[in-house]
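I opened this notebook to record, in order, what I looked up in one structure. The entries cover the ligand, the space around it and a few points of backbone geometry.

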Amino acid sequence: MSCAASQFSTSDALHFFRAWISDPLRVASITPSSPALARLMVAAIGPRTGPVIELGPGTGVFTRALLGQGVGEADLVLVEKGAEFADVLAGRFPSAHLLSIDAAEIGAATLPFAAPVGAVVSGLPLLSMPAAKVAAILAGSFVHMREDGAFYQFTYGPRCPVPKAILEGLGLEATRIGRTLRNIPPAAVYRISRLPVRQAAVTLPDSSDAKPVLAD
Ligand SMILES: C[S@@+](CC[C@H](N)C(=O)[O-])C[C@H]1O[C@@H](n2cnc3c(N)ncnc32)[C@H](O)[C@@H]1O
């Protein structure tokens with residue numbers, strides 16, 4: 001790590017710690033996520049993903065990783081409720097579109113893109129939020145999402161931080177895509193996507209060699 005990079009990390013750690021002291025429930029971690037967790041969060045995202053929404057960027061660890069994957073800065077919407085982080089993000093990523101709103105309002109937000117987004121990357125502390133808020137964040141994110149798009153969420157907990165009932169109610173499924181010990185504390189990453197459209201198998205009645213076909 002270069003000297004500049006290490007100073008950058010130390011100042012981020014301090015910034016983060018101060019934000020956590022002032023609002024521990026919202027910030028929910030005493031340090032920014034590690035580069036290892038950031039790599040896991042963005043591994044499946046690239047220039048062909050198109051526009052991306054990031055929820056709760058904090059000091060921008062995942063934002064930098066997204067840029068490293070080839071996502072254009074102008075293709076990013078950063079949704080950050082904390083004023084202390086929003087100021088930092090505006091200085092660091094001047095071409096990204098910063099929304100200083102609560103992530104639960106994302107569904108009603110007007111995005112600056114002609115196409116729907118290909119991914120939502122979330123650093124939000126979902127485990128410390130009420131279920132109705134988690135549902136609003138997920139539903140609102142998928143309002144803007146392309147059919148094959150996905151929502152990436154990390155957690156320090158042992159299972160997906162989105163309750164099963166919320167996933168089922170919104171027609172979504174969650175898959176754990178990895179875990180890293182190189183983060184404080186260790187974390188797992190989930191990919192949440194739309195369930196495939198169900199198709200029923202029917203058999204043609206009047207042909208002996210009829211094969212099952214799929215109907216809508
Ligand atoms: C655990 S920190 C993660 C920061 C960064 N993504 C990282 O991994 O280092 C949670 C972030 O979500 C933001 N946040 C919490 N609740 C929010 C909400 N309802 N809407 C928007 N941002 C929120 C916090 O201000 C903070 O930046």
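The entries below begin with the ligand and end with the backbone.

**Entry 1: the ligand and its neighbours.** I note at the outset that the model I am reading is predicted. I asked which residues surround the ligand and found 21 of them, with R26, S33, G56, E80 and A103 as the closest. Sorting this shell by class, I counted 12 nonpolar residues, four polar residues and five charged residues.

**Entry 2: polar contacts to the ligand.** I then looked at individual atom pairs, beginning with S33, where an N or O atom of the side chain is 2.5 Å from an oxygen atom of the ligand. At G56 the partner belongs to the backbone, for an N or O atom there lies 2.9 Å from a nitrogen atom of the ligand. K81 also takes part through a backbone N or O atom, and this atom lies 3.3 Å from a nitrogen atom of the ligand. I next checked how far the ligand is covered: on its own it has 600 Å² of accessible area, and the protein covers 98% of that area.

**Entry 3: the pocket.** Where does the ligand sit? I found it in the largest pocket, and I recorded about 640 Å³ of space for that pocket. The lining of the largest pocket comprises 36 residues, and those closest to the centre of the pocket are R26, V27, G123, L124 and P125. I note that R26 is thus listed both among the residues closest to the ligand and among those closest to the pocket centre.

**Entry 4: what lines the pocket.** Turning to secondary structure, I found that α2 (24–27), α4 (61–68) and β5 (145–155) each supply at least two residues of the lining of the largest pocket. By class, this lining has 21 nonpolar residues, 10 polar residues and five charged residues.

**Entry 5: backbone geometry.** I looked up two backbone details, and in the first of them a cis peptide bond joins I184 and P185, with omega at about -10 degrees. I placed P185 in the loop between β6 (172–180) and β7 (187–194). The second detail concerns A28, which is not a glycine and yet has a positive phi of about 60 degrees. I located A28 in the loop between α2 and α3 (35–42).

Notes:
Residues are numbered from 1 along each chain as its sequence is written. This is a predicted model: local features need pLDDT of at least 70, side-chain atom pairs count only at pLDDT 80 or more; totals for chains, interfaces and linings use all residues. Side-chain values use heavy atoms; hydrogens and water are left out. A residue is near a molecule or strand if one of its heavy atoms lies within 4 Å of it. A polar contact is a pair of N or O atoms within 3.5 Å; within protein, one must be able to donate a hydrogen and the other to accept it, and residues adjacent in sequence count only if both atoms are side-chain atoms. Accessible areas come from the Shrake-Rupley method with a 1.4 Å probe; for residues, only the protein chains shown count as cover. On a 1 Å grid over the protein atoms alone, a cavity is a set of points where a 1.4 Å probe fits but cannot get out, and a pocket is an open set with protein on both sides within 12 Å along at least five of seven lines; lining residues have an atom within 4 Å of a point. A molecule sits in a cavity or pocket if more than half of its atoms lie within 2 Å of its grid points. Ala, Val, Leu, Ile, Met, Phe, Trp, Tyr, Cys and Pro count as nonpolar, Asp, Glu, Lys and Arg as charged, and the others, Gly among them, as polar. Grid points are joined across faces, edges and corners, and a volume is the space filled by probe spheres set on the points. Helices (H or I, at least four residues) and strands (E, at least two) are DSSP runs, numbered from the N terminus.
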